[in-house]
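Work through the exercises below with the structure open. Each task is followed by a solution in steps.

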Amino acid sequence: MTMSVKEDDLLTGEDATREEQEKPITRKQTAVYVYEAPVRLWHWVTVFSVLVLCVSGYFIGSPLPTMPGEAIDNYLMGYIRFAHFTAGYIVAIAFIGRIYWALVGNSHARELFFPKLATRKWWREAIHEVRWYLFLEKTPKKYIGHNPLGQLAMFFFFVLGMIFMIITGFALYGEGLGQGSWADVVFGWVIPAMGQSQDVHTWHHLGMWYLITFIMIHVYVAVREDIMSRQSLISTMIGGWRMFKDDRPD
């Protein structure tokens, strides 16, 4: 009888241990408010405007075949050009607003414009991110804002690329408005500096493909990081809150 009780006690202890081992491990998710509303608004306005610019810009560079009939009845290319110019204005105004918010917003609003290129630790972490994207590192680091490689890519590929596209775009726009127009006064120096009008057209068109390439890489990285990294990414640019998936140290 005594032996029977001990065996029951032993089985009960083993069952308890097994139940403890089978319990799911729960980790709290810490939320940090990262991207303020003006940053998120700028991001999505720029996304849709750049899509319009790329589609309309493609047709401006490779126009549709000549349509039969009166010109007044076939103004499709005129509408395409109007959409391109309107989206160009929106992108430029939004970009100026984004620069302003980088100065008055939180620290994460400045990351795109002021990467810490002079910091050795920043470069070490950027190299770590390169190795992570190349599947040479097993564990990514946690970041509240952009990781160093993201900052580097956004500054050199997007920020500088957008500045180039805005300047060359309004230079060509000023050529169409004519001498003495505001666009000609502000950006009229661009065409002589780059050679001639056709040179600016060519570089502006190449810049479109440059941005399309960047956008494809950006979307791939955003989806990959949202799945594989240790923090949220896409939802953060929608709601502003960064969610961390574990409590392990950075």
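The model is predicted.

**Exercise 1.** State whether F170 and F187 are buried or exposed, then classify the geometry of their ring pair.

Solution. Step 1: both F170 and F187 are buried. Step 2: their ring centres are 5.6 Å apart and the planes meet at 20°. Planes under 30 degrees apart count as stacked, so the pair is stacked. Step 3: F170 belongs to helix 5 and F187 to helix 6, so the pair ties together parts that are 17 residues apart in sequence. Step 4: F170 and F187 also belong to one aromatic cluster, together with F85, Y89, Y173 and W182.

**Exercise 2.** Classify the ring pair of Y58 and F59, and give the exposure class of Y58 and of F59.

Solution. Step 1: a search of the whole structure finds 18 aromatic pairs. Step 2: for Y58 and F59, the centres are 5.5 Å apart with the planes at 75°. The cut-off for edge-to-face is over 60 degrees, so this pair is edge-to-face. Step 3: relative accessibility is 37% for Y58, which therefore counts as partly exposed. F59, at 28%, also counts as partly exposed.

**Exercise 3.** Determine which residues touch the most other members of the largest nonpolar core, and which helix gives the most to this core.

Solution. Step 1: the largest nonpolar core has 31 residues, and F158 and V159 touch the most other members. Step 2: at least two residues each come from helix 2 (37-61), helix 3, helix 5, helix 6 (182-187), helix 7 (190-194) and helix 8 (197-228). Step 3: helix 5 gives the most, with 11 residues. Step 4: apart from this core lies another, of 5 residues, including V34, Y35, A109 and M237.

**Exercise 4.** Find what the side chain of R98 reaches, and how far away the nearest side chain of opposite charge is.

Solution. Step 1: R98 sits in helix 3 (residues 76-104). Step 2: R98 is buried and has no salt bridge; E111, the nearest side chain of opposite charge, is 7.5 Å away. A salt bridge requires a distance within 4 Å. Step 3: the R98 side chain reaches the backbone oxygen of A109 at 2.8 Å. Step 4: beyond neighbours within four places in sequence, R98 contacts V39, W42, A109, L112 and F113.

**Exercise 5.** Locate H146 and name the side chain joined to H146 by a polar contact of 3.3 Å.

Solution. Step 1: H146 lies in the loop between helix 4 (120-133) and helix 5 (148-177). Step 2: the polar contact is with the side chain of Y35. Step 3: leaving aside neighbours within four places in sequence, the contacts of H146 include E111, L112 and R242.

Conventions
Residues are numbered from 1 along each chain as its sequence is written. This is a predicted model: local features need pLDDT of at least 70, side-chain atom pairs count only at pLDDT 80 or more; totals for chains, interfaces and linings use all residues. Side-chain values use heavy atoms; hydrogens and water are left out. Helices (H or I, at least four residues) and strands (E, at least two) are DSSP runs, numbered from the N terminus. Buried means under 20% relative accessible area, exposed over 50%, partly exposed in between (1.4 Å probe, protein chains only). Lys and Arg count as positive and Asp and Glu as negative; His and the chain ends are not counted. A polar contact is a pair of N or O atoms within 3.5 Å; within protein, one must be able to donate a hydrogen and the other to accept it, and residues adjacent in sequence count only if both atoms are side-chain atoms. Contact means heavy atoms within 4.5 Å. A nonpolar core is a set of buried Ala, Val, Leu, Ile, Met, Phe, Trp, Tyr and Cys residues joined through side-chain atoms within 4.5 Å. Rings of Phe, Tyr and Trp (its six-membered ring) pair if their centres lie within 6.5 Å; planes under 30 degrees apart count as stacked, over 60 as edge-to-face and the rest as tilted.
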